[in-house]
Amino acid sequence: MPFRPAFLLAGCWAIVAISLWLAQLTGVIQGAAGLSGPLWHVHEMLFGFAAFVAVGFLLTAAQNWTQIPALNSRWLFGWSLLWLLARLLAFTDPLATTGQSLLLLALVQGSWWLLGIGALSRQLWQARSRRNYQFLLVLAGMALLNLLFLQQSTDGHYLLALHLGHSMILLFGLLMGVLGGRVIPFFTARATNTAQCQTPRLDLLVFVSAVAGTLGFISSIWWSLLNPGWLMLLCALLHLLRLGYWFTPKLLAQPLLWSLHLAYLALAFGLALMAFALLSAPPALPRPALFKDALHLVSISAMAGMMLAMMARVALGHTGRPLQVSRLLALAFALITLSGVLRAAAGLFSQPHLSWYSSAGLWLCAFTIFTWVYWPILTTARLDGRPG
């Protein structure tokens with residue numbers, strides 16, 4: 001099933017990519033030959049690592065929703081190879097001409113998106129799963145941002161490319177709001193034996209504000225009738241309100257629950273900090289330092305934190321294992337949260353680079369723990385003998 005290569009390869013890449021980024025920051029290596037400096041870092045963490053986890057999760061979940069098989073066998077192998085080839089092309093310059101190499105990267109990465117979205121579309125369309133069509137729109141938006149990012153990088157428009165990368169983080173925030181609204185209250189109620197909280201009106205408000213804020217931010221570099229910071233602030237407050245409805249003290253005893261709630265809380269605080277940064281300056285590039293710090297709170301503590309928790313849970317459930325994790329995994333959940341907080345607080349240090357290095361170290365520890373613990377789980381058959 002798609003979660004196996006997606007979670008395993010993404011977990012490994014989370015370690016390799018941050019190690020390479022640290023080596024670039026400290027001058028040990030010159031940096032990527034394909035995409036330069038920060039552009040490579042943005043591309044590989046968002047369009048490489050995070051996108052693989054998200055699409056792999058959705059393809060796996062859609063099989064449960066629709067009872068229609070996801071990518072498997074040779075198709076899944078080919079899809080994973082495309083992803084690996086894209087990672088290689090992003091770091092190297094095989095054609096010895098940056099523009100042509102990035103064009104080749106766009107072709108390979110675009111093919112990867114096309115195959116993944118096409119497979120998900122087939123599952124949802126055959127089952128007429130209209131409730132989940134929204135995921136196709138979100139993934140299509142992510143794929144478009146990815147291709148535009150590479151096109152702007154090729155043309156030398158680095159600030160615009162970074163803006164598109166920042167927009168990708170907001171799209172992930174939108175995806176987290178939708179998926180979190182489904183799974184967090186359900187998992188919480190089921191594991192704590194409490195009634196599941198139903199807030200349909202609030203859920204709709206969260207979705208609308210997240211869509212409006214994301215679109216407002218994407219377009220703000222060209223024109224803006226309203227500072228998108230106001231929409232982000234509204235969305236952050238709605239996230240906090242919804243999280244309050246979901247909370248029960250019983251969840252604090254279960255790492256697979258508190259990790260999800262903690263990641264969602266980081267999303268709310270990160271959006272609020274991004275809003276304050278935008279409202280303190282005109283919504284045009286360059287962004288103040290506070291904005292980039294807030295972005296890392298969302299991308300690390302919220303995005304990576306929720307991905308780590310969901311990868312841990314999904315891998316256990318789909319391999320027939322009890323939904324329980326060790327203290328070591330609980331430590332990994334805490335480390336990834338602290339990594340984002342530490343990176344977001346870089347502006348408070350007289351030497352911000354120490355915050356960057358420390359945050360990267362905690363990230364590496366968290367994903368090393370995950371990969372070490374889950375390698376045998378993701379590479380062996382289900383315990384109950386069922387396919388998957």
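Residues are classed by relative accessible area as buried (under 20%), exposed (over 50%) or partly exposed (in between), with a 1.4 Å probe and protein chains only. The structure is a predicted model, in which local features need pLDDT of at least 70 and side-chain atom pairs count only at pLDDT 80 or more, whereas totals for chains, interfaces and linings use all residues. Residues are numbered from 1 along each chain as its sequence is written, and side-chain values use heavy atoms, with hydrogens and water left out.

**Figure 1. Gln67 in the loop between helix 2 and helix 3.** Helices are DSSP runs (H or I, at least four residues) numbered from the N terminus. Gln67 is not a glycine, yet its phi is positive, at about 65°. With a relative accessible area of 64%, Gln67 is exposed. Most residues other than glycine have a negative phi.

**Figure 2. Arg128 and the ring of Trp125.** Arg128 belongs to the loop that joins helix 4 (98-126) and helix 5 (133-154). A positive phi of about 50° is found at Arg128, although it is not a glycine. The relative accessibility of Arg128 is 41%, so this residue counts as partly exposed. Arg128 lies over the face of Trp125, 4.3 Å from the ring centre; a charge sits over a ring if NZ of Lys or CZ of Arg is within 6 Å of the ring centre and within 35 degrees of the ring normal. Arg313 is likewise placed over the face of Phe187, at 3.6 Å from the ring centre.

**Figure 3. The largest nonpolar core and the surroundings of Trp113.** A nonpolar core is a set of buried Ala, Val, Leu, Ile, Met, Phe, Trp, Tyr and Cys residues joined through side-chain atoms within 4.5 Å. The largest such core has 136 residues, and those with the most contacts inside it are Phe49, Trp113, Trp363 and Tyr374. Not counting residues up to four places away in sequence, Trp113 touches Ala51, Val55, Leu139, Met142, Ala143, Asn146 and Met168, where contact means heavy atoms within 4.5 Å.

**Figure 4. Aromatic pairs and an aromatic cluster.** The structure holds 19 aromatic pairs. Rings of Phe, Tyr and Trp (its six-membered ring) pair if their centres lie within 6.5 Å; planes under 30 degrees apart count as stacked, over 60 as edge-to-face and the rest as tilted. Trp13 and Trp40 are paired edge-to-face, at 6.5 Å centre to centre and 75° between the planes. Trp13 lies in helix 1 (residues 3-25) and Trp40 in helix 2 (residues 37-66), so this pair ties together parts that are 27 residues apart in sequence. Both Trp13 and Trp40 are buried. The rings of Phe217 and Phe291 are stacked, because their centres are 5.6 Å apart and their planes are at 20°. Since Phe217 lies in helix 7 (residues 200-219) and Phe291 in helix 10 (residues 289-317), the pair ties together parts that are 74 residues apart in sequence. Phe217 and Phe291 are both buried. One aromatic cluster is formed by Trp13, Trp40, Phe52, Trp79, Trp83, Phe91, Trp112 and Trp113.

**Figure 5. Salt bridges between helices.** A search of the whole structure finds three salt bridges, each defined as a side-chain nitrogen of Lys or Arg within 4 Å of a carboxyl oxygen of Asp or Glu.

- Glu44 and Arg87 meet through their side chains at 2.4 Å, N to O. This pair links Glu44 in helix 2 with Arg87 in helix 3 (residues 73-91), 43 residues apart. Glu44 is buried, at a relative accessible area of 0%, and Arg87 is buried at 3%.
- Asp203 and Arg242 have their closest N and O atoms 2.9 Å apart. The link runs from Asp203 in helix 7 to Arg242 in helix 8 (residues 228-246), 39 residues apart. Asp203 is partly exposed, with a relative accessible area of 26%, whereas Arg242 is buried at 2%.
- Asp293 and Arg343 meet at 2.9 Å, N to O. Asp293 in helix 10 is thereby linked to Arg343 in helix 11 (residues 327-344), 50 residues apart. Asp293 is buried at 9% relative accessible area, and Arg343 counts as buried at 12%.

**Figure 6. Helix 9 (residues 255-279).** Helix 9 has 25 residues and reaches 36 Å from its first C-alpha to its last, close to the 36 Å expected at 1.5 Å a residue. The expected span is 1.5 Å times one less than the number of residues in the helix. Of the 25 residues of helix 9, 19 are buried, so the helix is largely enclosed by the rest of the structure.

Key: Helices (H or I, at least four residues) and strands (E, at least two) are DSSP runs, numbered from the N terminus.
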